[in-house]
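Let's work through some exercises together, with the structure open beside you. Try each task yourself before you read its solution.

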Amino acid sequence: MSRRILLLCLSLLFLCALGASPEARAQVGRQLLILVRDAKTQHPIPSVSLHLKRGPSTSTDAEGRCQLSLPTSTGSTIVLSLAKPGYQTIREHSYSLPTEGKPLIIDLEPRSERHLEGVTVTGAGRESSLTQQSTVLRTAHLQAQSEKSIARLLEALPGVSSIKSGATISKPMIQGMHSSRILLISNGVRLESQSWGADHAPEVDHTGAGQVEVIKGAEAVRYGAGALGGVVLINPSPLPTADEFSYRGHTNLGYTTNGRGVDASGSLEGGQHGFGLRVQGSYRRAGDYGTADYLLNNTGLEEWSASLFTGYTKDRLRATLYGSLYSTESGVFIGSHIGDLFELQQVFAAGRPNPINITPFSYHIKAPRQRARHLLIKGDVTYQLDDNQELRLWAAYQDNHRREYENRKVDVWTQTPVMDLILSTYTTDLRYRLRWARPDWETQVGLSHLFQRNTNQPGTAATPFIPNFATLNLAAYVVQKARFDALLLEAGLRYDHRITDAAGRDWRRLRYGEKNTYTNMTGSLGAHYRFSEGLAARASLGLAWRAPDVNELYSNGLHHGGSWSLGDRTLRSEHGYKAILSLDYRKDWLTIEPSIFYQHIDNYIYDAPNKNKGENGIHVHWSGVYPIFAFEQDDCRFWGGDITLTARPTEELTFTAKGEWIRGRNVSHGTWLPFMPADRYTLGAQWTRSWGSTGRWQSRLSAEGISVAKQTRFDPEHELVSDMPAGYFLLGLQGELRYTLDTRRSLRFLLSSENTLNALYKEASDRFRYYAHAPGRSMTLRTILYF
């Protein structure tokens, strides 16, 4: 019933938008680049909140840049409000537009007087430091691909791939790291369901995000233990809180051919006199996905989400409250659950399901299936003590409820979950920030607290996959920034004290579990140097650690990734370091961004097929036979790099080329690590043009070819088949038409195609590649209305 109500609300929002009065802004038009600098030092200022009068809000990136979509009716001037702690607030100031292709440069004056004016715009901006290597996906890109999961969206970024368990379950992989080594942070809160295993997709809805930012590097100092591989920040757009009342919103409707999926999302927001409010909702449903040759039965999904974000700003005080609820149900490819050993061997040899077992398309989701629900509530208060000092306190609560179902032959038991887990997490963070007047330094000091409890719900009539456990983590950290003309330096130090207490009973009803205590220091160093206006370099070195997840220690059961998971209670903490060096060259029409990295991890924990367990690596269960994936621990190293070249020979034409290379080596045994992504090369072109005397029509055509090499670096002892999948080529096409209805409303029509040539292929990092191929051609039709 709740899903129907949500879908009805989105439909009503769409109809109301079509009938809204034409008074405010248009959403499309000229794309204006804005550069915000410190008036005294001329250095770029990150995370400056900007608001276009009767228009969108945004924030600057780590280079002090941002883009605004101007209404086609815009004259020679625009009215902007800008806010950044430590700088003079600008309220509704008129700026003359520069010539086409040139940035609008705005200088902010540092605060020198004691009185602080009210801030006109609030919300989370880009959080990364200039010393960190990061990439951002903006709102327009997120809305254009709402049908994709967060992991699939991030695959468009260099150095980012995904670890998959079939068509509907995937997690981001950054330079070879995935699962709990990649922190997913939604509106400043770390999502805490990733320790359940690699076959559980992130329980987050990205359709309401203002931007998604990926930070590559060992970022444990800023974001907490476990960030060995990187961080994904999912941030909302700034709230409108200007003195003058304003409102805006959007609706987004899409249909996808592969899976016959439908999705809808929408938001409505408004603000006045320092108060802002946003409500958002989404719904998505799809049936069986298909490869180029056959259907993947029982791979449908249904998910919905809703969120509320509100805030108030007055003088020195900024306060926000955020709440979200996300629910999903997804089927697990039925061909991965096989009844006998002979049939399993046949499937592995063929690399695809037996044709006689494939049934017609269906939306019905049956066992094996997963259901998950995620609730997040966060309160955040920031108080400006004086011109240069800021105190911030936030607290959050998360409730994750996961249920997994198997075919238990008897219907009443099939409808009873074999796994029923509730993970409750309480987090608080207190941060003090001091901006030094002379020299140009900044100091951050913080304390953080986490308490987490996992409980197995009774009534499953099955041995719990993992035991009950409780975790307490206390931490203190300090980050120091210092700028010396063109050089920016940053150093950080963090202390963590973590206690995990686990207790459970195995299938013999014997007690197991223990109390573990971990104490660690981590640190980071970073530098950014600007050689000239168009050339900059950054380098970073991060030390990080990660305690073993409970499933890595104690799991002994069926994973929906089509395998039997076997933990190891002797696993120790991972400790490692990661170094990154990158360049950023920007000159007229050409941009070049190369990057290299090296990472070494002692006691690296990974799971892989183990032929020495069970019956030659196979576990026989009442529901079928499954390969055993056992957790192991060795010293490992990772290295590689990526490069992105962007050329814009004309205002209308853009070419992009990317290359990515990642290596993962087991140092202890001199072998290659399993499930590493293969080398990837991308070439794309985009053409844009405005039409009509007033530019009310805008069009965009793009094409992208992705060539993935065969993965030749693998260990046969950690593989279920004798060879890796062949290389492949994917072609993606997209066309977009934008039309400005009036001064408030505008429409985007998008038609896109993935795997246009309908290639039959497999990903090296897909755990389901033993059972089936990846999805085939998929076309998506989408309409987005802004009002």
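## Exercise 1: The surroundings of N187

Leaving aside neighbours within four places in sequence, N187 is in contact with I234, N235, P236, F309, Y322 and K378. Bear in mind that the model you are looking at is predicted.

**Task.** Find where N187 is placed, and decide whether N187 is buried or exposed.

**Solution.**
- Step 1: Locate the residue. N187 belongs to the loop between β13 (182-186) and β14 (189-190).
- Step 2: Take its relative accessibility, which is 8%.
- Step 3: Compare with the cut-off: buried means under 20% relative accessible area. At 8%, N187 therefore counts as buried.
- Step 4: Follow one of the contacts, K378. The charged end of K378 sits over the ring of W394, 5.2 Å from the ring centre.

## Exercise 2: From W394 to T427

**Task.** Work out which residues T427 touches, not counting residues up to four places away in sequence.

**Solution.**
- Step 1: Place the residue. T427 is in strand β27, which covers residues 419-435.
- Step 2: Collect the contacts. T427 touches V189, W394, A395, A396, H449 and L450, with residues up to four places away not counted.
- Step 3: Check the accessibility. T427 has a value of 11%, so T427 counts as buried.
- Step 4: Look at another residue of strand β27, R433. R433 and E390 meet through their side chains in a salt bridge (3.2 Å, N to O). E390 lies in strand β26 (residues 389-405), and the two partners are 43 residues apart, linking distant parts of the chain. Both E390 and R433 are buried.

## Exercise 3: A three-stranded sheet

**Task.** In the sheet with the order β10-β11-β12, name the edge strands.

**Solution.**
- Step 1: Describe the sheet. Three strands, in the order β10-β11-β12, form an open sheet with antiparallel pairing.
- Step 2: Look for strands that pair on one side only; these are β10 (160-164) and β12 (177-178), the edge strands.
- Step 3: Count the bridges between β10 and β11 (residues 170-174). Five bridges join these antiparallel strands.
- Step 4: Pick out one bridge. K164 has S170 in β11 as its bridge partner.

## Exercise 4: Classifying aromatic pairs

**Task.** The structure holds 21 aromatic pairs. Classify the pair Y512 and Y554 by the angle between the planes.

**Solution.**
- Step 1: Read the geometry. The ring centres of Y512 and Y554 are 5.7 Å apart, with the planes at 50°.
- Step 2: Apply the cut-offs: under 30 degrees counts as stacked, over 60 as edge-to-face, and the rest as tilted. The planes stand at 50°, so the pair is tilted.
- Step 3: Place the partners. Y512 is in strand β31 (residues 511-512) and Y554 in helix α7 (residues 550-554), so that distant parts of the chain, 42 residues apart, are linked. Y512 and Y554 are both buried.
- Step 4: Repeat for W697 and Y739. With 4.3 Å from centre to centre and 35° between the planes, this aromatic pair is tilted. W697 is in strand β43 (residues 697-708) and Y739 in strand β44 (residues 728-740), so the pair ties together parts 42 residues apart in sequence.
- Step 5: Check the exposure here. W697 is partly exposed at 35% relative accessible area, and Y739 is partly exposed at 21%.
- Step 6: Look for a cluster. Ring pairs link F348, F768, Y770 and Y771.

## Exercise 5: Salt bridges

**Task.** The count of salt bridges comes to 43. For D263 and R782, find how many residues apart in sequence the joined parts are.

**Solution.**
- Step 1: Recall that side chains of opposite charge can pair when their charged atoms come close.
- Step 2: Check the distance. The closest N and O atoms of D263 and R782 are 2.7 Å apart, and the two form a salt bridge.
- Step 3: Locate the partners. D263 is in strand β19 (residues 261-272) and R782 in strand β46 (residues 778-786), so the pair ties together parts 519 residues apart in sequence. D263 and R782 are both buried.
- Step 4: Turn to E192 and R190, a salt bridge with its closest N and O atoms 3.6 Å apart. E192 is buried at 9% relative accessible area, whereas R190 is partly exposed at 24%.

Note on methods: Residues numbered from 1 in each chain as written. Predicted model: local features only at pLDDT ≥ 70, side-chain atom pairs only at ≥ 80, totals over all residues. Heavy atoms only, no water. Helix = DSSP H or I, 4+ residues; strand = E, 2+ residues; numbered from the N terminus. Buried < 20%, exposed > 50% of the residue type's maximum accessible area, 1.4 Å probe, protein only. Contact = heavy atoms within 4.5 Å. Pairing = 2+ DSSP bridges. Phe/Tyr/Trp six-rings, centres within 6.5 Å; stacked < 30°, edge-to-face > 60°. Lys NZ or Arg CZ within 6 Å of the ring centre and 35° of its normal. Salt bridge = Lys/Arg side-chain N within 4 Å of Asp/Glu carboxyl O.
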